[in-house]
Amino acid sequence: MKKIYYIIACSLLIVSCDVLNKPLASSNLVNQKNKLTRSAIDLVSLSNDRIKVRVQPAPIYKDVATFYIPETVPGTYSDDDYGKFIDSVAAYGTFGKKLKVTKTSDNTWDIKNARTLDYIDYYVNDTYDVEAEHTIFSPAGTNFKENEQFMLNLHGILGYFKDQEEMPYYVDINRPEVMEATTSLPRFADSLYVAQDFGNTGITDTYKGDRYFEIVDNPIMYNVPNKEVFTVDDITIELSVYSPSGTVKASSLKPNIERMIKAQKNYLGDFNATDRYTILLYLTTGEADDAQDLGALEHHNSTVVVLPESMPQENLDAAMVDVVSHEFFHIVTPLNLHATQIHKFKYNDPEMSMHLWMYEGVTEYFAQHFQVQQGLVTPEEFYNTLVQKISNAKRYDDAMSFTKMSANILEEPYASNYGNVYEKGALIGMCLDILMRKNSNGERGVLDLMKELTYQYGPHRPFEDSNLIPQITQLTYPEVGEFFTNHVIGTQPIQYKDFFDLVGLDYSTTLVDTGFLLGKERPYINGNKEDNTIYVLSGNLNTFLTTLGVQGNDVITAVNGTAYDLSNVYDLITVSNSWKVGDAITMTVLRNGEEVELTGTIITPQIPQATLVELQTYDDGLEQVLREKWLKGS
């Protein structure tokens with residue numbers, strides 16, 4: 001973790017108290033000596049479930065100042081427009097004179113007479129209350145439960161002024177006395193610097209980042225303390241849990257997380273990227289006014305996790321291993337190995353890197369591979385995970401260039417294929433691992449490659465996007481370069497059997513029975529709320545649907561003369577359970593806007609199921625040696 005050192009200038013100590021609820025008195029004159037942004041957040045006195053925020057920039061030497069709230073943030077790979085949750089923006093000049101503010105987009109405001117600008121005030125609405133009205137991923141969202149819980153993903157609360165993103169950024173947070181903060185953001189000495197006098201009860205916590213990125217990279221969760229702090233090797237872990245009913249305790253989750261992180265540290269070996277890591281776990285009720293998305297969002301030294309409170313303890317432990325282990329491995333990449341596009345992230349005009357195969361794919365591979373290497377799962381369980389990822393990857397466009405998809409992930413058709421970074425992306429990591437083992441007699445794998453690259457670059461030295469793959473080829477073997485050319489940059493689907501053969505695994509498929517419309521692993525149909533239709537999902541369909549002539553994205557309008565849409569989809573599912581093999585069937589679908597009538601005979605629905613089994617005999621024994629090196633990483 002980067003150490004942050006604080007130098008307290010005398011001028012900071014003599015700043016007259018500022019009051020959040022009234023204009024500041026010529027504090028801009030003091031600010032001229034300090035190239036920094038000061039801000040204040042009030043968690044005590046909410047207004048219509050909104051929190052009040054003040055932001056005071058460094059002096060501005062232009063007639064018009066532009067204030068930004070991020071459009072997107074690192075790790076989300078989507079346009080979310082956090083400015084939509086900001087309202088009542090007001091600007092004040094020296095001695096409290098009100099300045100004209102013009103909203104120029106969802107995320108930007110222009111302020112006139114900016115040379116006299118002292119500060120701006122505004123209110124922020126939280127995202128968890130209105131999850132159905134937006135697409136913001138819950139772990140990247142905000143929650144304001146007065147006197148109970150606050151999830152502060154600061155990119156949804158604090159903004160920045162144009163050309164001041166690299167200046168130091170102070171944050172004062174007025175909180176209820178019963179609440180406590182959990183964050184990896186270093187706390188500044190409260191008694192030495194207070195940006196605002198909030199004019200009401202509460203306790204002020206003060207934080208500082210060396211630049212805006214450090215503020216938004218460190219989420220803060222406030223709630224009545226329910227946390228565990230422990231050390232794994234040289235890392236201090238802080239686990240904080242918000243449980244609405246109070247039934248889930250951090251102490252019950254600690255043993256499993258401690259075991260997991262210890263195994264991850266063993267897996268990483270001498271790689272040390274941080275000495276502090278914070279896990280913020282929000283357990284949702286799942287109700288309409290609460291978080292809906294499950295998962296996590298990574299940061300340099302922390303992660304925000306959202307899971308359902310109703311999960312049994314065993315399932316919650318398993319989910320934390322699956323989700324948090326992935327986020328923890330992000331300390332390798334992109335947090336300590338990343339392109340210029342990420343290092344100098346443009347929150348309101350984002351440029352995406354072409355290497356999601358590494359940022360998310362290799363990270364997900366590590367999150368699965370470390371479990372078998374450290375004995376947390378059996379080889380057979382690991383093989384089943386790989387097989388499942390191969391199956392899941394078939395739902396996406398297998399002929400799409402991964403680098404092109406990554407660079408254009410905010411646009412269609414690439415955005416719809418984002419989920420493949422966790423499926424095919426992880427399998428790319430697996431193939432690279434096996435290729436490197438093959439070419440080094442088992443001595444080097446993809447983790448070794450990531451370490452070499454990280455030591456060469458690190459958190460403060462980004463690489464040029466177009467240089468990475470040629471450099472990897474130079475550091476490894478020609479076969480690795482060919483793999484990238486064909487399957488990552490290029491559009492050739494990966495033949496996974498060829499890679500499994502190298503480590504003595506038999507990869508084959510057999511047909512197994514499934515449901516007509518709903519399979520055990522996935523459904524074959526879905527609903528569109530916007531037009532109330534039922535449509536067929538793309539990807540592998542069962543033999544009944546393909547034999548009938550059904551295609552992905554077909555809209556089902558009728559079956560055997562009965563009309564169906566989203567309002568009676570459960571009737572269709574119930575009827576399908578009574579279909580009998582050999583009976584005639586007619587299905588009417590809309591395909592590319594044209595009605596198509598499909599007729600046929602009902603057959604047993606089946607899908608191919610892959611298996612991955614260790615071979616017991618080999619030509620020369622090399623396969624078994626490579627498999628053992630691959631699984632054990634040594």
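1. In this predicted model, Thr284 stands opposite Pro308 of strand 21. The two strands concerned are strand 19 (residues 276–284) and strand 21 (residues 302–308), which pair in the parallel sense over seven bridges.

2. Strands 19 and 21 belong to an open sheet of five strands, with the order 17-18-19-21-20 and mixed pairing. Its edges are formed by strand 17 (227–232) and strand 20 (295–298), each of which pairs on one side only. On average, and with direction ignored, neighbouring strands of the sheet are turned by 15 degrees against each other.

3. Helix 4 (residues 250–268) packs on this sheet and touches strand 17, strand 18 (235–242) and strand 19. The direction of helix 4 makes about 25 degrees with that of strand 17.

4. Helix 5 (residues 313–328) lies across strand 18, strand 19, strand 20 and strand 21. Relative to strand 21, helix 5 runs at about 150 degrees.

5. A separate point concerns two helices. The axes of helix 8 (residues 379–393) and helix 17 (residues 622–632) come within 12 Å and cross at roughly 85 degrees. Helix 8 is therefore roughly perpendicular to helix 17, since angles of 65 to 115 degrees are classed in this way.

6. Which residues make up the contact of helix 8 with helix 17? Helix 8 contributes Pro379, Phe382, Tyr383 and Leu386, and these meet Arg627, Trp630 and Leu631 of helix 17. By class, the contact comprises six nonpolar residues, one charged residue and no polar residues.

Notes: Residues numbered from 1 in each chain as written. Predicted model: local features only at pLDDT ≥ 70, side-chain atom pairs only at ≥ 80, totals over all residues. Heavy atoms only, no water. Axes fitted to C-alpha atoms, helices over the stretch in contact; angles between N-to-C directions. Helix = DSSP H or I, 4+ residues; strand = E, 2+ residues; numbered from the N terminus. Parallel < 35°, antiparallel > 145°, perpendicular 65-115°, else oblique. Contact = heavy atoms within 4.5 Å. Nonpolar A, V, L, I, M, F, W, Y, C, P; charged D, E, K, R; others polar. Pairing = 2+ DSSP bridges.
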